[in-house]
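Student: Hi, I have a protein open here and would like to talk it through. Can you help me get my bearings?

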Amino acid sequence: MKQFTYTIKDELGIHARPAGLLVKKAAEFTSTVSVDNGVKKGDAKKIMSLMMMGVKQGQDVTFTIEGEDEDAAAAALEAFMQENL
């Protein structure tokens, strides 16, 4: 299991466009990817799950990645978050 925490910098939080891109990125891996903002937990491979979390700018989200390609998935998702959110 791999984990990393990221603070959302986008002024709109996790909104539709970056959520869709995040789902596409997470879907590239076989590992399960969950996102937790301390209040709600969502599946990073399902856009509605991410949108219903209501993550705002300044909130910390913790990604938990489990599976055979968890190392590559964690590195790719952390880079994605830094570039997009």
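Tutor: Happy to; we can go from the overall fold to the core and then to a couple of single residues.

Student: Great. What kind of model is this, and how many helices and strands does the protein have?

Tutor: This is a predicted model. The protein has three helices and four strands, and from the N terminus on they run β-α-β-β-α-β-α.

Student: How compact is the protein for its 85 residues?

Tutor: Its radius of gyration is 11 Å, close to the 12 Å that the globule rule gives, so the protein is as compact as a globular protein of that length. Along the principal axes, the C-alpha atoms fill a box of roughly 35 × 25 × 20 Å.

Student: And what share of the residues is buried?

Tutor: Buried residues make up 38% of the 85. As for the outside, the accessible surface is about 4,800 Å², and 51% of that belongs to carbon and sulfur atoms.

Student: Let's go inside. Which residues touch the most other members of the largest nonpolar core?

Tutor: Those are Ile8, Phe63, Ile65 and Met81, in a core of 24 residues. At least two residues of this core come from each of β1, α1, β2, β4 and α3, and α3 gives the most, with five. In soluble globular proteins, nonpolar side chains tend to be buried together.

Student: Take Met81, then. What is it in contact with, neighbours within four places in sequence aside?

Tutor: Met81 is in contact with Phe4, Tyr6, Ile8, Leu22 and Phe63. Two of these partners, Ile8 and Phe63, were named a moment ago among the residues touching the most other core members.

Student: New topic: where is Leu12, and is it buried or exposed?

Tutor: Leu12 is in the loop between β1 (2–7) and α1 (16–27). Its relative accessibility is 54%, over the 50% cut-off, so Leu12 counts as exposed.

Student: How far is Leu12 from Thr64 in space?

Tutor: Their C-alpha atoms are 23 Å apart, with the two positions 52 residues apart in sequence terms.

Student: Last one: what about Glu66, which strand is it in and what does it contact?

Tutor: Glu66 lies in strand β4 and is partly exposed, with a relative accessible area of 42%. Beyond its neighbours within four places in sequence, Glu66 is in contact with Met1, Ser31 and Thr32. The C-alpha atoms of Glu66 and Gln3 are separated by 8.9 Å, although the two are 63 residues apart along the chain.

Terms used:
Residues are numbered from 1 along each chain as its sequence is written. This is a predicted model: local features need pLDDT of at least 70, side-chain atom pairs count only at pLDDT 80 or more; totals for chains, interfaces and linings use all residues. Side-chain values use heavy atoms; hydrogens and water are left out. The radius of gyration is taken over C-alpha atoms; the globule rule is 2.2 Å times the number of residues to the power 0.38. Buried means under 20% relative accessible area, exposed over 50%, partly exposed in between (1.4 Å probe, protein chains only). Accessible areas come from the Shrake-Rupley method with a 1.4 Å probe; for residues, only the protein chains shown count as cover. A nonpolar core is a set of buried Ala, Val, Leu, Ile, Met, Phe, Trp, Tyr and Cys residues joined through side-chain atoms within 4.5 Å. Contact means heavy atoms within 4.5 Å.
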